[in-house]
Amino acid sequence: RRYFYDVLDIEAERLHHLIDDMLVLSQIENAKPDSTEQRCDVAQEIRETVARLYPIAEKENISLKVELKDGIWVACSSSRLQQMLGNLIENAIKYNHSGGSVTVSMQQENQQVLLHIADTGCGIPEEYRESIFQPFFRVDKSRSRQMGGVGLGLALVREIAVLHGGSVCVESGSKDGTTFAVKLPLNGEKTE
């Protein structure tokens with residue numbers, strides 16, 4: 001009985017996350033304005049996100065490194081910015097190996113902030129790099145239950161970036177790790 005209770009608890013938690021992610025994705029896709037949008041300090045949002053995910057990384061023996069530059073601001077909801085960063089960093093931890101690392105860096109490029117989330121994990125084969133931003137897409141379906149998640153994280157990342165006038169792409173994804181790049185306009189100015 002205890003085993004079945006544990007299975008029910010795990011599956012109920014997965015369903016809860018699925019419903020939450022689908023509601024957020026639906027809200028973003030329907031272009032509903034976010035009343036909590038404000039000027040956000042990108043470095044501070046990264047610090048808070050990394051602090052929240054540090055225990056998970058420590059448990060998995062993954063080192064988290066940050067290379068930040070203060071004084072870079074974007075117009076965004078703090079919670080959405082942290083959700084976007086959290087999905088990318090959590091994936092970088094989840095698909096890494098024990099003793100690996102995740103590096104979050106940022107720089108200003110013209111009127112944009114460029115964020116890089118790089119890991120030393122298993123990488124993403126080139127043939128899947130365009131598909132990974134589609135809802136419910138999973139590169140390795142055989143590990144879906146083992147790794148958790150439902151395949152909405154990267155779809156949410158893309159929608160949040162686009163909603164705020166930015167973009168996201170996979171810059172590299174070899175067997176030695178993956179690097180995601182997110183561009184957001186400074187102070188909410190739309191980028192080309």
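Asn110 lies in the loop between β4 and β5. The model is predicted: local features need pLDDT of at least 70 and side-chain atom pairs count only at pLDDT 80 or more, while totals for chains, interfaces and linings use all residues. Residues are numbered from 1 along each chain as its sequence is written, and side-chain values use heavy atoms, with hydrogens and water left out.

**Exercise 1. Describe the backbone and the exposure of Asn110 and Asn61.**

Step 1. Take the backbone of Asn110. Its phi is near 55°, a positive value in a residue other than glycine. Most residues other than glycine have a negative phi.

Step 2. Place Asn110 in its hairpin. The hairpin of β4 and β5 has 2 residues between the strands. Helices (H or I, at least four residues) and strands (E, at least two) are DSSP runs, numbered from the N terminus.

Step 3. Read the accessibility. Asn110 is exposed, with a relative accessible area of 69%. Buried means under 20% relative accessible area, exposed over 50%, and partly exposed in between (1.4 Å probe, protein chains only).

Step 4. Turn to Asn61. Asn61 sits in the loop between α2 and β2 (63-67), and its phi, near 60°, is also positive. Asn61 counts as partly exposed because its relative accessibility is 46%.

**Exercise 2. Find the strands that β5 is joined to, and the surroundings of Asp119.**

Step 1. List the bridges. Strand β4 (residues 101-109) and β5 run antiparallel and are joined by 8 bridges; Ser105 has His116 of β5 as its bridge partner. Two strands pair if DSSP finds at least two bridges between them.

Step 2. Go to the other partner. 7 bridges join β5 to strand β7 (residues 177-185), again antiparallel. One of the bridge pairs is Ala118 with Thr179 of β7.

Step 3. Check how covered the strand is. In β5, 7 of the 8 residues are buried, and the strand is mostly covered.

Step 4. Locate Asp119. Asp119 belongs to strand β5 (residues 112-119) and counts as buried, because its relative accessibility is 12%.

Step 5. List what surrounds Asp119. Not counting residues up to four places away in sequence, Asp119 touches Ala92, Asn96, Ser101, Val102, Asp176, Gly177 and Thr178. Contact means heavy atoms within 4.5 Å. A polar atom of the Asp119 side chain lies 2.8 Å from the backbone nitrogen of Gly121.

**Exercise 3. Give the geometry and the residues of the contacts that α3 makes with α2 and α5.**

Step 1. Start with α2 (residues 42-59) and α3 (residues 78-94). Their axes come within 9 Å and cross at roughly 35°. Axes are lines fitted to C-alpha atoms, for helices over the stretch in contact, and angles run from 0 to 180 degrees between N-to-C directions.

Step 2. Assign the hand. The crossing of α2 and α3 is right-handed. A crossing is left-handed if the near helix is turned anticlockwise from the far one by less than a right angle, and right-handed if clockwise.

Step 3. Name the residues. On the α2 side, the contact includes Ile46, Val50, Leu53 and Ile56; on the α3 side, Leu81, Leu85, Ile89 and Ile93 are among them. The residues of this contact divide into 9 nonpolar, 4 polar and 4 charged. Ala, Val, Leu, Ile, Met, Phe, Trp, Tyr, Cys and Pro count as nonpolar, Asp, Glu, Lys and Arg as charged, and the others, Gly among them, as polar.

Step 4. Repeat for α5. The axes of α3 and α5 come within 9 Å and cross at roughly 145°, in a left-handed crossing. Arg80, Gln83, Met84, Asn87, Leu88 and Asn91 of α3 make this contact with residues of α5 including Leu154, Val157 and Ile160. The division here is 8 nonpolar, 4 polar and 1 charged.

Step 5. Check the burial of α5 (residues 153-163). 8 of its 11 residues are buried, so α5 is largely enclosed by the rest of the structure. Glu159 is one of the buried residues.

**Exercise 4. Which residues is Trp73 in contact with, leaving aside its neighbours within four places in sequence?**

Step 1. Place the residue. Trp73 is in strand β3 (residues 73-77) and counts as partly exposed, at 29% relative accessibility.

Step 2. List the contacts. They are Arg39, Cys40, Asp41, Leu186 and Asn187.

Step 3. Add a distance. Trp73 and Arg39 are 34 residues apart in sequence and 6.2 Å apart in space, C-alpha to C-alpha.

Technical notes: Polar contact = N/O pair within 3.5 Å; in protein donor to acceptor, adjacent residues only side chain to side chain.
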